[in-house]
Amino acid sequence: MTRAKRVALWSAVTSVAYFLAFFAYIPVPFVTAEHAEQVLPVLPWWLLVSFGSYALWSLGRGLYTFRECTDAYTELLSEISQAKSELRVKGVSVD
């Protein structure tokens, strides 16, 4: 089973379980019905915000530790200077 199929399978199973709990076809274990009615509607938004904050943290950490990857840093700088020189040859002013 490929990774995409596993992700699709687990997403489908999780979605079905969420909707069954959301529409109260199955009870949520260890949670009262009143609390489940309050938590389940906002759960997808909470997961979206959590994923977004993780993605921003991961991106920021990658930018912060970029100088530690000396090979990639020097390669990127050389590519930038090469692109600037090619643009200058074509008549584009580059700062």
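1. Helices in this note are DSSP runs of type H or I with at least four residues, numbered from the N terminus. The model under review is a predicted one. On that basis, Tyr-18 and Phe-22 both belong to helix H1, and because they are four residues apart, about one helical turn separates them.

2. The dimensions of two helices merit a remark. H1 has 20 residues, which should span 28 Å at 1.5 Å a residue; the separation of its end C-alpha atoms is 28 Å, in agreement with that expectation. Helix H4, covering residues 70-89, also has 20 residues and reaches 29 Å from first to last C-alpha, close to the expected 28 Å.

3. Five aromatic pairs are present in the structure. In the pair formed by Tyr-18 and Phe-22, the ring centres lie 5.8 Å apart and the planes meet at 25°, so this pair is stacked. The cut-off applied here is that planes under 30 degrees apart count as stacked.

4. The two partners of that pair differ in burial class: Tyr-18 is buried, at a relative accessible area of 17%, whereas Phe-22 is partly exposed, at 34%. Phe-22 also pairs with Phe-23, with ring centres 5.0 Å apart and planes at 75°, so this second pair is edge-to-face. Phe-23 itself is located in the loop between helix H1 (3-22) and helix H2 (33-39). Through ring pairs, Tyr-18, Phe-19, Phe-22 and Phe-23 are joined into a cluster.

5. Several of these aromatic residues also contribute to the surface. A nonpolar patch of about 710 Å² is formed there by Val-16, Phe-19, Leu-20, Phe-22, Phe-23, Tyr-25 and Ile-26.

6. Backbone geometry in the loop between H1 and H2 deserves inspection. Most residues other than glycine have a negative phi. Ala-24, which lies in this loop, has a positive phi of about 60° although it is not a glycine; its position is just after H1. Ala-24 counts as exposed because its relative accessibility is 63%, the threshold being over 50%.

7. Phe-30 is placed in the loop between H1 and H2 and likewise is a non-glycine residue with a positive phi, in this case about 65°. Its relative accessible area is 89%, so Phe-30 is exposed.

8. A positive phi is also found just after H4, where Gly-91 takes a value of about 95°. Here the residue concerned is a glycine, Gly-91, whereas Ala-24 is not.

Key: Residues numbered from 1 in each chain as written. Predicted model: local features only at pLDDT ≥ 70, side-chain atom pairs only at ≥ 80, totals over all residues. Heavy atoms only, no water. Patch = residues over 30% accessible without salt bridge, like charges linked within 9 Å, V, L, I, M, F, W, Y side chains within 5 Å. Areas by Shrake-Rupley, 256 points an atom, 1.4 Å probe, with all protein chains shown as cover. Salt bridge = Lys/Arg side-chain N within 4 Å of Asp/Glu carboxyl O. Buried < 20%, exposed > 50% of the residue type's maximum accessible area, 1.4 Å probe, protein only. Expected span 1.5 Å × (residues − 1). Phe/Tyr/Trp six-rings, centres within 6.5 Å; stacked < 30°, edge-to-face > 60°.
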